[in-house]
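Student: I would like to understand how the words used for a protein model follow from its numbers. Could we go through one together, setting each value against its cut-off?

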Amino acid sequence: MDNEMIRYEQITGMHLELTTRCNAACPMCARNFKGKVRDNLEITDLSFNDCKKILTHSFLQQLEFVSICGVFGDPINNKDLILIIKYIYACNEKIYINLYTNGGIHDERWWKRLAECLNNGSVIFGIDGIDEVSAIHRRNTDVNIVFRNAKAFIDAGGNAKWDYIAFKHNQHQIEMARILSKKLGFKEFQVKKTSRFFKNLFEEDESLDSTIMPYGRHPIYDNHGNITEYLELPDEKYRNSCEGDLLKKIQEYNSLENYYDSVDIECQAIKTQGIFISAKGNVYPCCTVYQQVCYGELFGVTDERELNEYKIWRNYNTSAFENSIDEIVRGEAFVELQKSWKIKSIKCGKAKSCCRTCGKNINMHKAQHSIC
Ligand SMILES: C[S@@+](CC[C@H](N)C(=O)[O-])C[C@H]1O[C@@H](n2cnc3c(N)ncnc32)[C@H](O)[C@@H]1O
């Protein structure tokens, strides 16, 4: 049994949320609700000093991989970002860093500095079109500034990759974007097949805006809270390959909830030996459990089936400012979450986020990155 548990000494990867600030306003992002930043979202960062406190030299020594991404923010909005990257390398120069961003702020000098400090790491730019089409999803970004920044980063020797999230409104630009990515010097171009439309299939609480539209449509709001347009599923070729599996499970089990009740968990945090640290310095196995815990206080979800993770986390102190990461991983929150996988149903306490993300055989997050 112990081999199937998350174990501190086996952790080799860290997903780090350095801020809840963002310059963009992507319609499907957890930080936004009906066109506005969620009322209860605490705007906060992990500063350079915070990182020195919670990410000890010995912890960083055991890591091979750091993903600077997050759930509620964009890392380039953290003013200490470059100092933090330098600190990580000072503790372990062999770590591989991936930094995920919309690339929409800062001047060219800043991007040159980022390239110079990032060693062999990569910046993954989220650009969802080749012109103003990109800002339909990456709201509040200017694609010309993003390309200017990416070019400054690449010209200074940085490894840049391009992630393109496919929707109906931008799929016609995918092949042009692929060609452009080569011309601009991006090392990789990847079509990301979003799993976020699936939320309509398994969430019912009104405080989750995935529930507002039928499956396959997601509203885009203006700054006054009016729906102006919709994000829609792209053609089959660009869709997340789990779509068919999920729709089949609904037929077979009558609902995804019934399927989730029966599914065995194959935890990706265990498999990939990863851990997640939030912008407040709290520790979770992964970003999915983190977001689900936030459904409690931050999102104001009242559907009890969505709150099992929240009910576990609210009982324990999982702050890396007050405990070592080792203590937290061995502690009650992690143990209870893992025990919940054997509970007979979500209604009785089985963690829903684990069922939907790490259910055996259906891995919709992995499918987001399938090649096409
Ligand atoms: C909240 S973002 C944080 C990092 C950064 N703001 C960014 O855009 O890359 C976390 C991840 O979600 C991805 N993302 C944003 N909108 C998405 C969507 N509709 N479907 C799937 N992934 C999405 C981003 O590309 C990023 O990799």
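Student: What makes the radius of gyration of this protein agree with that of a compact globule?

Tutor: Please keep in mind that this is a predicted model. For 372 residues, a compact globule would have a radius of gyration near 21 Å, and the protein has 20 Å, so the value agrees with that expectation. Along the principal axes, the C-alpha atoms fill a box of roughly 55 × 45 × 35 Å. Within the protein there are 17 helices and 12 strands, and 41% of its 372 residues count as buried.

Student: Why is V191 called buried?

Tutor: A residue is called buried if 20 or more other C-beta atoms lie within 10 Å of its own. V191 has 21 C-beta neighbours inside 10 Å, and therefore it counts as buried. V191 belongs to strand β8, which covers residues 188–192, and its C-alpha atom is separated by 7.6 Å from that of Y238, although the two are 47 residues apart along the chain.

Student: Why is N254 called exposed, and what is noted about its phi angle?

Tutor: The word exposed is used if 12 or fewer other C-beta atoms lie within 10 Å; N254 has 10, so it is exposed. N254 lies in the loop between α9 (242–253) and α10, and its phi is near 80°, which is a positive value in a residue other than glycine.

Student: Why are N258 and Q273 called partly exposed?

Tutor: Partly exposed covers the counts in between, where a residue reaches neither the 20 or more of a buried residue nor the 12 or fewer of an exposed one. N258 has 15 other C-beta atoms within 10 Å, so it is partly exposed, and Q273, with 19 such atoms, is therefore partly exposed as well. N258 sits in helix α10, residues 256–262, and its C-alpha atom is 8.8 Å from that of I346, with their positions 88 residues apart along the chain. Q273 is found in the loop between α11 (268–272) and β11 (274–277), and its phi, near 55°, is again a positive value in a residue other than glycine.

Student: How do you know that helix α3 is roughly parallel to helix α4?

Tutor: Helix α3 (residues 81–91) and helix α4 (residues 108–117) pack at an angle of about 5°, with their axes 10 Å apart. Angles under 35 degrees count as roughly parallel, so α3 is roughly parallel to α4. In this contact, I82, I85 and K86 of α3 meet R113, L114 and C117 of α4, and by class the residues are four nonpolar, no polar and two charged.

Student: Which residues come nearest to the ligand, and which strands each supply at least two residues of the shell around it?

Tutor: Among the 17 residues around the ligand, M28, D74, Y100, G126 and T194 come nearest. The strands β5 (96–101) and β7 (159–165) each supply at least two residues of the shell. By class, the shell divides into eight nonpolar, five polar and four charged residues.

Student: How do you know that contacts in the protein join residues at least 24 apart in sequence?

Tutor: When contacts between residues at least 6 apart in sequence are taken, 74% of them join residues at least 24 apart.

Note on methods:
Residues numbered from 1 in each chain as written. Predicted model: local features only at pLDDT ≥ 70, side-chain atom pairs only at ≥ 80, totals over all residues. Near = placed C-beta within 6 Å. Helix = DSSP H or I, 4+ residues; strand = E, 2+ residues; numbered from the N terminus. Nonpolar A, V, L, I, M, F, W, Y, C, P; charged D, E, K, R; others polar. Axes fitted to C-alpha atoms, helices over the stretch in contact; angles between N-to-C directions. Parallel < 35°, antiparallel > 145°, perpendicular 65-115°, else oblique. Contact = placed C-beta atoms within 7 Å. Rg over C-alpha atoms; globule rule 2.2 N^0.38 Å.
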